[in-house]
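Me: I'd like a close look at one part of this model, and I'm happy to read a long answer. Please start from the pairing I ask about below and work outwards from there.

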Number of protein chains: 2
Amino acid sequence: MRTLSAADLSLNTATVSKQWDLAQCIEGCACHGIGGISPWRDKLQACGVDRAAKLIRDAGLRVSGLCRGGWYTAEGALTQAVIDDNRRAVDEAAAIGAECLVMVVGGLPEGSKDIVAAREIVTEGLASTLDHARAAGVRVAIEPLHPMYAADRACVNMTAQALDICDRLGDGIGVALDVYHIWWDPDIAAQIRRAGKDRIHAFHVCDWMNPTQDMLLDRGMMGEGVIDIPSFRRMVEAEGFDGLVEVEIFSSRNWWTRPGDEVLAAMVAALPAI
Amino acid sequence: MRTLSAADLSLNTATVSKQWDLAQCIEGCACHGIGGISPWRDKLQACGVDRAAKLIRDAGLRVSGLCRGGWYTAEGALTQAVIDDNRRAVDEAAAIGAECLVMVVGGLPEGSKDIVAAREIVTEGLASTLDHARAAGVRVAIEPLHPMYAADRACVNMTAQALDICDRLGDGIGVALDVYHIWWDPDIAAQIRRAGKDRIHAFHVCDWMNPTQDMLLDRGMMGEGVIDIPSFRRMVEAEGFDGLVEVEIFSSRNWWTRPGDEVLAAMVAALPAI
């Protein structure tokens, strides 16, 4: 396994979502020696895409991803509005030089109980985005989300399932693996081998608090919880993954209440737990 | 699919856990024409096993299960205390004529991040219980729990994983399938076929609320949420399952606040949603 330093980390802007805008995130990364950033689209758009691209470039940061495209089921069927929004996401990812566009694919359509149909909408939507992404030179990364989000956020919940979709759709699409979502998967080792270097487009870390007090907003800093994070890093690196390790923490009760600089310092201090 | 009536339902006592003791549950089932009961061990022990057995027999109820054995990881390793408690659970299940002993296998041991090791403890524990259960004529049913409980309740989270354990351990052990835990599983249809009639020892229903406000205690009455429950009943019945449909609802904000009779009436009224 690599010896990690701060330069190998990427700050997902959700980690300081309540404290900083994108310009502050970029400055914070530079200040703490963090090597990359992964903006959420709301922060990117608030900053302005061209200005953000320049700020990121000037700071010498890599962009481990753009969060997020997807949400294909938002309107019950794959509408032109949803397709267009994903095209814009691809264009934004290209503009900032993002190494991938992370896809949170969407849950059950309003009023629906048909998760199989939802998954078909998602696959169709990804195929549509992928055409544009290939042309734009942007890699698409399906993020399998924890099954507790199957209804409201993403109906793709297993790495195997995400890779099945990749198999169907061909080149240019892979997975974003977040330990929070996959740590419990009894088949994860085999699926990481199956993904291989070419399809592991991102590696996200945080920790699973035990007990967890909120299904969305109670994620921990690496080392605070029960995930054996190094075991997952070892697996992706065994496949050749050498990208940035992206830190994405939603924490309304703790990390979002602290100064941004304290959070970034804690990220760097948590390197031994990754 | 069968046409269900109240006589095909079983009341898991957790559904009225705050309202009724076991004797009241038994009386409630008889009063509402519900065909069976599935006691939790705390209520069973409070009633007294012999008295409970007589009350259940006198009321003409079937016993779709006893909840719950397992929790093999509770002491960090498989201790004699844990083994003995599971032997007692088997004996209690036999005493009340339970059609299976439902196993919630336990999560990560205190302080551990090694879910693979936890799963080995569980398998070893189940093997130990199974020896006694076979001798006592009690079927053991592994309940795969939703992955959001992997840390704190059960490290067996997929039906495939539970069946892998059954394959290793041989006769007398199968699964308890609860739609709440399995509804999101992209491989569930194949796994239900793999389980087959002989290994589907119980079928539990409730509903997944969207949004869900509490990870443990916000389950819905059938029809209130987003699970296509009939699709699952169709699958288990296609394999020949003809047991009781057990209703198990943990609901601190709603169903636990209502009179027990109202809850049982709602269960019967929800038959079309099953």
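Which residue in S11(A) does Phe203(A) stand opposite?

Reply: Happy to walk through this with you; please keep in mind that this is a predicted model. In S11(A), Phe203(A) stands opposite Val245(A). The two strands concerned are strand S8 (residues 200–205) of chain A and strand S11 (residues 245–247) of chain A, which run parallel and are joined by three bridges.

That pair sits inside a wider arrangement. Chain A has an open sheet of nine strands with parallel pairing, in the order S3-S2-S1-S11-S8-S7-S6-S5-S4. Strand S3 (62–63) and S4 of chain A each have a single partner strand and stand at the edges, so one side of each has no neighbour in the sheet.

Let's move to the S4 end of that order. Strand S4 (residues 66–70) of chain A pairs with S5(A) over four bridges, in the parallel sense. Within this pairing, Leu101(A) in S5(A) is the bridge partner of Leu66(A). The connection between these strands takes in a helix: S4(A), helix H4 (residues 80–95) of chain A and S5(A) make up a right-handed β-α-β unit.

The edge strand also has a backbone detail worth a look. Arg68(A) is found in strand S4 of chain A, and the peptide bond leading to Arg68(A) from Cys67(A) is cis, with omega near 0 degrees. Further on, Trp71(A) has its place in the loop between S4 and H4 of chain A. Its phi is near 55 degrees, a positive value in a residue other than glycine. For context, most residues other than glycine have a negative phi, and most peptide bonds are trans. Trp71(A) is buried, because 20 other C-beta atoms lie within 10 Å.

Chain B shows a positive phi in Trp71(B), near 50 degrees. Trp71(B) lies in the loop between S4 and helix H4 (80–95) of chain B, and it counts as buried because it has 20 C-beta neighbours inside 10 Å.

Back in chain A, strand S5 (residues 101–104) has side chains going both ways. Leu101(A) and Met103(A) point one way, Val102(A) and Val104(A) point the other way, and all are buried. On to the next partner: S5(A) pairs with strand S6 (residues 140–142) of chain A over three bridges, again in the parallel sense. There, Met103(A) stands opposite Ile142(A) in S6(A). Another right-handed β-α-β unit is made by S5(A), helix H5 (residues 115–136) of chain A and S6(A).

Two of the residues just named return in the packing. The largest nonpolar core has 196 residues, and Leu101(A), Ile142(A), Leu101(B) and Ile142(B) touch the most other members. To see what surrounds one of them, take Leu101(B): apart from its neighbours within four places in sequence, its contacts include Leu66(B), Ala89(B), Val90(B), Ala93(B) and Val140(B).

Just beyond these strands comes a charged residue. Glu143(A) is found in the loop between S6 and helix H6 (159–169) of chain A. Glu143(A) is buried, because 28 other C-beta atoms lie within 10 Å. Leaving aside neighbours within four places in sequence, Glu143(A) is in contact with Val102(A), Met103(A), Val104(A), Ala176(A) and Asp178(A).

S11, where your question began, leads to another loop. Arg258(A) lies in the loop between S11 and helix H10 (260–269) of chain A. With 15 C-beta neighbours inside 10 Å, Arg258(A) counts as partly exposed. Arg258(A) and Val16(A) are 242 residues apart in sequence, yet 8.7 Å apart in space from C-alpha to C-alpha.

Finally, here is how the chains go together. A turn of 180 degrees and a shift of 0.0 Å along the axis lay chain B on chain A with an RMSD of 0.0 Å. The two copies are thus related as by a two-fold rotation axis. The same surface serves both copies, as 100% of the contact residues of chain B recur in chain A. The contact takes 23 residues from chain A and 23 residues from chain B. On the side of chain B that touches chain A, 14 of the residues are nonpolar, five are polar and four are charged.

Definitions and conventions
Residues numbered from 1 in each chain as written. Chains lettered and ligands numbered in written order. Predicted model: local features only at pLDDT ≥ 70, side-chain atom pairs only at ≥ 80, totals over all residues. Least-squares fit on C-alpha atoms with pLDDT ≥ 70 in both. Contact = placed C-beta atoms within 7 Å. Core = buried A, V, L, I, M, F, W, Y, C linked by C-beta atoms within 7 Å. Buried ≥ 20, exposed ≤ 12 C-beta atoms within 10 Å, placed from the backbone. Nonpolar A, V, L, I, M, F, W, Y, C, P; charged D, E, K, R; others polar. Pairing = 2+ DSSP bridges. Right-handed = clockwise from strand over helix to strand, strands pointing away.
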